[in-house]
Amino acid sequence: MRAIKKYWPIFLIPTMAAFAIGFVIPFILGIYLSFTKFTTVTDAKWVGIKNYATAFKDSTFTHSFWFTAAFAVVTLILINVIAFALAMALTKKRRGTNVFRTVFFMPNLIGGIVLGYIWQLIFSGILVHFNTALNLNAKLGFWGLVILVCWQQIGYMMIIYIAGFQSIPGDVLEAAEIDGANARQTLFKVTIPMMMPSITICTFLTITNGFKLFDQNLALTAGAPMKQTEMMALNIYNTFYGRTGFEGVGQAKAVIFFLLVVAIAALQQKLTRSKEVQQ
Amino acid sequence: MENKGKWYGTTVLTFLCIFWIFPVFCVLWNSFKNKTAINLQPFSLPGGKTFVGMENYAQAIGKYGLLKSVGWTVFITVFSVAAILIFCSMCGWFITRVRTKWTKVIYALCIFSMVVPFQMVMFTLSLVTNKLHLTTPWGLIVVYLGFGAGLAVFMFTGFVRSIPIEIEEAALIDGCTPVQTFFKVVLPIMKPTYISVGILETMWIWNDFLLPYLVLDIKKYKTISIIIQYMKGSYGSVDMGAIMAALILAVIPVVVFYLSCQKYIIKGVAAGAVKG
């Protein structure tokens, strides 16, 4: 294959040039600017870790962290439990499974902004009877976001779990049945251990999606009331574009956010991968 | 006994299905109602005084230029996905077949880029694209190629590893240039991966909001997501009727796309999930 080596400009340059513009340069520039004070790049002045100190002292930022963390944990559990149950129900022989699958998956194809406004209509229609609204009460805002994201993502995770169920060899389940395992024992001792690869993927996707959520947050509550439903991504956005002079702080928050997402992804992978069994 | 349990399960699933699809239908019938009715009784069907026919759609299209933004969204999605498929498959094949320090670095960078949240690069990305005058839909295609490269290169390399190298070697010995080998031999074998990657990237780009919002010159170009956010935010009184019509016009292409290639979408999602 040595002959193809000298053809690298044709094969690599288009992707790598775009990758440099779209990712590598902004990433490196982002790390650098988080240590400076700037409004445009040319006036950047080195200020050390001052931006990071300001970010940690910002109470809206720490609040958004706890809000996001709570949100990510709640959606992680709800989405995975419901998607797992649905997948289990839909892999049994049953009439109309294809219709069910089609319907449950559909919301996933709708964009975050559109989803936000669809649900705003529904929630305001319900809450108007209780003389309240989503943007008046942070608790309602939280659960509104949870419902929206569950509605969006359950179908996606269900598809992954269905693929997982279909790859479990039938003889393992048969053996459990012959050995006299009841339904509950089969589920916890056979099915779930065999499903660990799918569970790893789905928990990874749901927890990182939960932390990175932006569009839905912006469209449904936009942080109201008083930034109480502002999640980390939206908080960073508002720091950048809400007040001038805080670009450096916004970038420092973005770096913290990035490190946090990487740490959580790594931790999650370690926790669930260790529970996977050889098939 | 078992039959009864099954019947019970199917009933529960049916109800859940109706609940699942309800929000979309709710928006659909609200798009034919007048503004006050949408705000006060969103759950009632249009009828009598509240029914306004296609007026909301006329508003959304006439006043806000919705069709134009649908056009731009189609343009951006189609050409970005095409660029990602062609260039990233070439890149993915090359870095799998040529094992050097550099190709390993490229692969590692692609994996790394998949975990980085967009907020990390959003501000600096808009600085870079401004400087390079990439604030048009054509420029956005370059940005999407760069930002979508991580997942695409990862999936293509994963597939190339499973193709036997002998076929390509035979083609090279028979006198094909590497470019011919790629397009005539490798590309046809990779068809399933093209479909999976194409679907995942289409779903992402069609629905994306923040990236085009920050990169594009939004005075001139708006995608569907941008225009919906703009309708909500720019005027004092929000025109709920036009928003409902815009939501429906944003959802229809997605539903048509979904129902026509559902089989591939489901497969694509299952294949894309292996990346974890």
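This text walks through the enclosed cavities of a predicted model.

Start with the method's idea. Rolling a probe the size of a water molecule over the atoms shows where empty space is left. With a cut-off of 30 Å³ or more, the count here is 2 cavities.

Take the largest cavity. It holds about 60 Å³ of space. Its lining draws on chains A and B. Chain A brings L109(A), I110(A), G111(A) and V114(A). From chain B come W206(B), N207(B), I224(B), S225(B), A250(B), V251(B) and V254(B). Three helices of chain B, α10 (191-207), α12 (224-233) and α13 (240-260), supply at least two lining residues each. The top contributor is α13(B), with 3 residues. What is the chemical character of this wall? By class, 8 lining residues are nonpolar and 3 are polar, with no charged residues.

Now move to the second largest cavity. About 40 Å³ of space lies inside. The residues lining this cavity are from chain B: T73(B), I76(B), T77(B), L140(B), Y144(B), I205(B), W206(B), D208(B), P212(B) and T223(B). Helices α4 (66-97), α7 (137-160) and α10 of chain B each give at least two residues to this lining. Here α4(B) gives the most, with 3 residues. The class count is 6 nonpolar, 3 polar and 1 charged. The charged residue is D208(B).

Finally, look at what links the two sites. W206(B) appears in the lining of the largest cavity and in that of the second largest. Helix α10 of chain B likewise supplies at least two residues to the largest cavity and at least two to the second largest.

Terms used: Residues are numbered from 1 along each chain as its sequence is written. Chains are lettered from A and ligands numbered from 1 in the order in which they are written. This is a predicted model: local features need pLDDT of at least 70, side-chain atom pairs count only at pLDDT 80 or more; totals for chains, interfaces and linings use all residues. Side-chain values use heavy atoms; hydrogens and water are left out. On a 1 Å grid over the protein atoms alone, a cavity is a set of points where a 1.4 Å probe fits but cannot get out, and a pocket is an open set with protein on both sides within 12 Å along at least five of seven lines; lining residues have an atom within 4 Å of a point. Grid points are joined across faces, edges and corners, and a volume is the space filled by probe spheres set on the points. Helices (H or I, at least four residues) and strands (E, at least two) are DSSP runs, numbered from the N terminus.
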